[in-house]
Amino acid sequence: MPTPQNFVTEAPAECDVAIIGGGFGGLMTLARLAQQAPKCQYVVFERMPRKAPGVAYGACDDEHLLNVPAARMGAFSERPSGFLEWLEQEFPGRFRADDFAPRALFGRYLMQSVQSVLAESKACAAFVRDAVVHIEPLGRKYELLLASGRTVLARGVVLAPGLPQARAPWRHVDEGIARRLVVPDPWDQSAFRGVAPDAEIVLVGSGLTAIDVIMGLRRTGHTGRISLVSRGGRLPLPHVASHGSPVVYDPRELSQGAVQAFRIVRRAAKTLLRGGHDWHAAIDGVRPHASSVWRAWSAADRAYFLRVLRPFWEIHRHRAPSNLLDAIERERQAGSIEVISGVVHALRAHGQDEAEVIVRTARGTLRPLIAARLVNCAGPSMSIGETLDPLLGSMLRNGLVSADALGLGLRTEGDGALVRADGTIEPRLRLIGALRRGDLWETTAVPELRAQATAIAAALARELGCGAPQPGAVEPAPLGAVGGCA
Ligand SMILES: Cc1cc2nc3c(=O)[nH]c(=O)nc-3n(C[C@H](O)[C@H](O)[C@H](O)COP(=O)(O)OP(=O)(O)OC[C@H]3O[C@@H](n4cnc5c(N)ncnc54)[C@H](O)[C@@H]3O)c2cc1C
């Protein structure tokens, strides 16, 4: 029996619901569907072989840390402390509520939680290692074409693909540059094989992804200089251990517009600082209202936020554990890490093992760096129109889905229903995750995704009508066998 750890290559010819993506979003929707509609047959498709679900919890080493405290990472909304309880059960006394636990442990917790739900509900789920590359409506079903060439018929589909990677953020690349010197996927753990420990490495981006790559390099004994190149040249700001309750805002005031909201939050942060507190509670207070405020703003306000305010929001909202930032600061002072404000202008060959990276700095000068690897840490694409993802590209072309007004992701309504190019709702086709950001903005992290999974499962279970919902939400037992297919 395949499990979330153990995917097989052969897909069944037919199922009730196909879930595309085996990350947190896909697996939690499966768990909720199993509770709500246990008699349906489910197939989860995942294209990447990883030891745990998705990019965040599967493409990491044992020491990459979560950026949300353990007490808030429960997979089920009705039990936000579920992950902390699991940690206490597995590693008694080792983790506190405000600790940033290893991401790999969250991956284990997630897989065990999903397995337990499947075992309890006895729902039938298959886990298939294959990419879905095209979807075609066929009568009242959908036909999925897989990269392996097989096809699968499904009555309903959940899209849970995370965010597509951005195109490489550099323009002119010499043809003579060996491909291994340029690393488009920062999570590719084989990318640094053969690099001399003292060689210089250039990272494009200075956010959480770049911090992950730095920590991974240092842990594996890389001592060479690391340069981070990003437009703003800003690192994320630090989490603090305890920063009191979030500020309480009136969402109607925040909804008046982007500039007004910025002023209100800045005023709250200044008040906190004047009172001897830190500013974090001012940002955390926005989060519960972020989606409703985003929806209330005009298109012009959203565009202004993206153009002007987003860089400030990102570094305050997506914070890093302070011990990691302290380690980077020590290295900056020692000169082994540099953060450069600028963009990569060109890449030139420089022997077999190195490339010359020409950086256009914010001051307009060109600065050459010699690097053994150039790594794309710029994060996901901000434009769905530019996607190179075969499935998303084909769905946009055949009008099954449409871009949101800002072109950030796909247009959805209410419970993740996808809106076709002609403006009608595609039945039994739902989207979970960060591609809903055009409509919701705050739709990336576990607290938002676990709520989306519940809503999507309830809607699909209603539409598909296979299996009565179980009374009350079921919190999984700690461990268990996988649910059964007849
Ligand atoms: C490095 C990192 C750290 C993070 N840390 C935290 C954290 O501490 N706390 C927090 O709350 N959030 C964190 N996040 C946010 C994180 O993205 C979410 O918590 C969540 O894991 C997203 O899950 P997802 O399923 O939507 O996307 P993903 O995890 O990206 O999973 C999508 C999956 O779909 C697969 N896929 C895509 N297209 C196809 C296709 N056509 N066919 C088959 N498979 C496909 C992909 O291979 C991928 O495995 C982090 C994100 C990253 C990148």
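1. Main core. In this predicted model, the largest nonpolar core holds 85 residues. Four of its members touch the most others: Ala-18, Ile-19, Tyr-42 and Val-43. Helix 4, residues 103-121, gives the most to this core, contributing 8 residues.

2. Second core. A separate core also exists, with 34 residues. Its members include Leu-203, Ile-211, Ile-214 and Ala-320.

3. Contacts of Ile-19. Set aside neighbours within four places in sequence. Ile-19 is then in contact with Gly-26, Thr-29 and Leu-30, among others. Its contacts also include Tyr-42, Val-43, Val-44 and Phe-45. Val-158 and Ala-160 complete the list. Two of these partners, Tyr-42 and Val-43, are named with Ile-19 among the core residues that touch the most other members.

4. Strands 2 and 3. These two run parallel and are joined by 6 bridges. Gln-41 stands opposite Cys-124 of strand 3. Is strand 3 enclosed or open? Strand 3 spans residues 124-129, and 5 of its 6 residues are buried, so the rest of the structure largely encloses this strand.

5. Helix 3 against helix 4. Helix 3 covers residues 82-90. Its buried residues are Gly-82, Phe-83, Leu-84, Trp-86 and Leu-87. What do they pack against? Their partner is helix 4, the element that gives the most residues to the largest core.

6. Hairpin. Strand 4 (residues 132-138) pairs with strand 5 (residues 141-146) in the antiparallel sense, over 6 bridges. The two strands form a hairpin with 2 residues between them. Leu-138 stands opposite Lys-141 of strand 5. In the turn, Gly-139 has a positive phi of about 60°.

7. Ligand shell. The ligand is surrounded by 30 residues. The closest are Gly-21, Gly-23, Gly-54, Gly-162 and Ala-445. Four elements give two or more residues to the shell: helix 1 (24-36), strand 2 (41-46), helix 2 (54-58) and helix 14 (446-464). By class, the shell has 17 nonpolar, 10 polar and 3 charged residues.

8. Domains. The protein chain is divided into three parts. Domain 1 takes 14-164 + 382-464. Domain 2 takes 172-236 + 320-376. Domain 3 takes 251-298. How many Å separate the centres of domain 2 and domain 3? Taken over C-alpha atoms, the separation is 34 Å.

How values were computed: Residues are numbered from 1 along each chain as its sequence is written. This is a predicted model: local features need pLDDT of at least 70, side-chain atom pairs count only at pLDDT 80 or more; totals for chains, interfaces and linings use all residues. Two strands pair if DSSP finds at least two bridges between them. A residue is near a molecule or strand if its C-beta atom, placed from the backbone, lies within 6 Å of it. Ala, Val, Leu, Ile, Met, Phe, Trp, Tyr, Cys and Pro count as nonpolar, Asp, Glu, Lys and Arg as charged, and the others, Gly among them, as polar. Domain bounds come from an automatic or database domain assignment. A nonpolar core is a set of buried Ala, Val, Leu, Ile, Met, Phe, Trp, Tyr and Cys residues joined through C-beta atoms within 7 Å. A residue is buried if 20 or more other C-beta atoms lie within 10 Å of its own, exposed if 12 or fewer, and partly exposed in between; C-beta atoms are placed from the backbone. Two residues are in contact if their C-beta atoms, placed from the backbone, lie within 7 Å.
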